[in-house]
Amino acid sequence: MTEPRGRARDRRLLGEMLIEAGLLSRDGLAAGLEEQRLSGGRLGFTLLRSGHVGASAFHLFLQDNFAGVSADVAEALRSGPAVDRIPARLAHHYGMVPARAEGGVLELAVAAADSPGLIPALCELTGLRVEPLVCPPSLIAQALERFYPAEVEPGVIYRSLGDNVLVLSDRKRGIRPHLPELLPEGARAAEWLRAVAVEGMRCRARRIEIEPHPEETRVVFRGVHGDESRLLLPRSTHAGLSRILEGLSRIAARGRVVPREGRLALAVDGRTISAAVTALPTFEGDAYSLDLREDRFESPAPESLRADLPWVASAVHRLADESRGLLLLASPGPAEEQAGVGALLSLLGDRLPRRMAFGPPGRIAGTEGIEGPSGEDLPEEVFLERAAAARADLLVLPMFERPGDIAMAAAQSLERVVIASIRASDAFAVMERLARSGAGWAVEETLAGILAARLMESLCVFCRRPFDLLGLLSPGPRHRAIGIGPYHSSAGCARCRGSGVRVLEPVFEFLPLGRGEEFPRPGTSAALLREAFAGRGHPTLLGASLRMAARGVVDVREPLRLLLHEQQ
């Protein structure tokens, strides 16, 4: 009997590469091969499940080497995975994607190996023999975003970039919470979590604790001054609450971490609240705590921006001198978009006349001649006509979704300065998109560069604890230039988790594409662009965030999240 396709290659190459990278010993490889011989499956999954390699270091290794080890699986995930085999809710919850189904075998891309009952359950669900293989989390997130719906049920939204979202209330969409005492016991888990979260807000709680007991599920709301109130739910609700909390906070997809921690966003009619989720085991099941915090953004001073982002300042000043040109802004959400636009306007200062048109989607608001009533919905054409009639010097355009939006921004930038936002993980992802779509020609004449903005949680100096970053990042040459620190992470205390406020620091990277810069050719990948760019001394998002972590500004787990789960 011949081995399945890729198995011999898997056995021959992966073990030797892990030994060369310093992630695995010869004895560990021998033990892993013996276990693989007895239980079957892929070697990487066997090594991760048995603890012979660490998950984070293995993910970093795969991020650089996965195309060489499993090129066919990587191509399947990018071009057309077998998504019809597993429901979207289940795929998002565990962070997994069915790559291929051939010959009665389903190859399953996973990032963790800590759910022993998952594979047998999937065998029963699909009627196929499931063979899991460990993939880079970023590649799985990319496939989930592209091939599965983000909203698996009304108000339950999974995102590849940033925190997943539970919509508590949205009048326009008809999503509203119910009182806990009015919900039937068989209601969906999302409805129970909505009811609990809204009840906590009504009580002005800063922490919500959900703990299973033999006869009920006990919910405790803890307020600002230590006051508390309690809510008793049916014991049967705990399983559903556990499932949705672990899925939305990404606890389920991240594997063996103690304490098990994650984060999600709660949306209430346009207002967003961050919830830090911690899961701890008890005799009756896992207990969960949700620390509710409003986001507060720190805005760096113009002097600091000019010192940290000299290439951005130079590009902005050139645009101001010429009174025309295009800057693209890569941001995963509205908050990051706001931080990036604020930084660019701060660098502009008074170098342009203050006739600006701002365009949140379908809405116009502005200063000195570009005015519109609050909440007015305007078609894009009307917005641009009003901006042109008012002779606006600067257009700030919303996040692009349609193919023609890039060309439209480029046309506007022939007459004025345009800042246009695109939803993307970083500047290199935008550049790859332009190169692959063939839209590069439209912006090549006027594009001065691409700015990427991310917001990262600041470090709490009262509960910070040392973090051995070099032990995680030591394998591979691309991480050897990272400073020695010291690095810290926040353990969580009353002054940060219980404060009711999450302080976010902006981190930027800039990809200059002005005069003298070669425009990338079609087919250029974001990974190759990022590697070449970092080699020229320009700060990437990862490098900039790690430097901020080394200075004690941000929690070191924030750049690690970017590195392990989002970089493509």
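Helix 4 and helix 5 lie roughly perpendicular to each other in this predicted model. Helix 4 spans residues 55-69 and helix 5 spans residues 71-79. The angle between them is about 105 degrees. This value falls in the 65 to 115 range, so the pair is classed as roughly perpendicular. The two axes are 5 Å apart. Helix 4 contributes Phe66, Ala67 and Val69 to the contact. Helix 5 contributes Ala71, Val73 and Ala74. By class, the contact has six nonpolar residues, with no polar and no charged ones.

Both helices also take part in covering helix 8, residues 137-147. The buried residues of helix 8 are Pro137, Ser138, Leu139, Ile140, Ala141, Ala143 and Leu144. Their cover includes helix 4, helix 5 and helix 6 (88-94). It also includes strand 1 (97-102), strand 2 (105-110) and helix 21 (557-566).

Across the whole protein chain, the secondary structure comes to 21 helices and 21 strands. The chain has 568 residues, and 53% of them are buried. Its exposed surface is about 25,800 Å². Carbon and sulfur atoms supply 53% of that surface. Among contacts with a separation of 6 or more, 65% join residues 24 or more positions apart.

In soluble globular proteins, nonpolar side chains tend to be buried together. The largest nonpolar core in this model holds 79 residues. Leu18, Phe58 and Leu266 touch the most other members. Helix 9 (residues 189-202) gives the most to this core, with seven residues. Leaving out residues up to four places away in sequence, Leu18 touches Leu23, Leu24, Leu47, Val53, Phe58 and Phe61. Phe58 is thus named both as a contact of Leu18 and among the residues that touch the most other core members. A second, separate core has 46 residues. Leu447, Tyr487, Leu513 and Ala549 are included in this second core.

Asp291 is a buried charged residue. It lies in strand 12 (residues 285-297). Its relative accessible area is 1%, under the 20% limit, and Asp291 therefore counts as buried. Beyond its neighbours within four places in sequence, Asp291 contacts Arg206, Arg207 and Arg497. Ser274, Ala275 and Ala276 are also in contact with Asp291. Thr278 is 13 residues from Asp291 along the chain, and their C-alpha atoms are separated by 8.7 Å.

Leu345 is found in helix 13 (residues 334-348). Its relative accessible area is 24%. Buried residues fall under 20%, so Leu345 is classed as partly exposed. Leu345 and Val316 are 29 residues apart in sequence. Their C-alpha atoms are 9.1 Å apart in space.

Backbone angles were also examined. Most residues other than glycine have a negative phi. Arg204 has a positive phi, near 55 degrees. Arg204 lies in the loop between helix 9 and strand 7 (207-212). At 69% relative accessibility, over the 50% limit, Arg204 counts as exposed. Ser323 likewise has a positive phi, of about 60 degrees, although it is not a glycine. Ser323 lies in the loop between helix 12 (310-322) and strand 13 (325-331). Its relative accessibility is 37%, and Ser323 therefore counts as partly exposed.

Methods:
Residues are numbered from 1 along each chain as its sequence is written. This is a predicted model: local features need pLDDT of at least 70, side-chain atom pairs count only at pLDDT 80 or more; totals for chains, interfaces and linings use all residues. Side-chain values use heavy atoms; hydrogens and water are left out. Helices (H or I, at least four residues) and strands (E, at least two) are DSSP runs, numbered from the N terminus. Buried means under 20% relative accessible area, exposed over 50%, partly exposed in between (1.4 Å probe, protein chains only). Contact means heavy atoms within 4.5 Å. Accessible areas come from the Shrake-Rupley method with a 1.4 Å probe; for residues, only the protein chains shown count as cover. Axes are lines fitted to C-alpha atoms, for helices over the stretch in contact, and angles run from 0 to 180 degrees between N-to-C directions. Angles under 35 degrees count as roughly parallel, over 145 as roughly antiparallel, 65 to 115 as roughly perpendicular and the rest as oblique. A nonpolar core is a set of buried Ala, Val, Leu, Ile, Met, Phe, Trp, Tyr and Cys residues joined through side-chain atoms within 4.5 Å.
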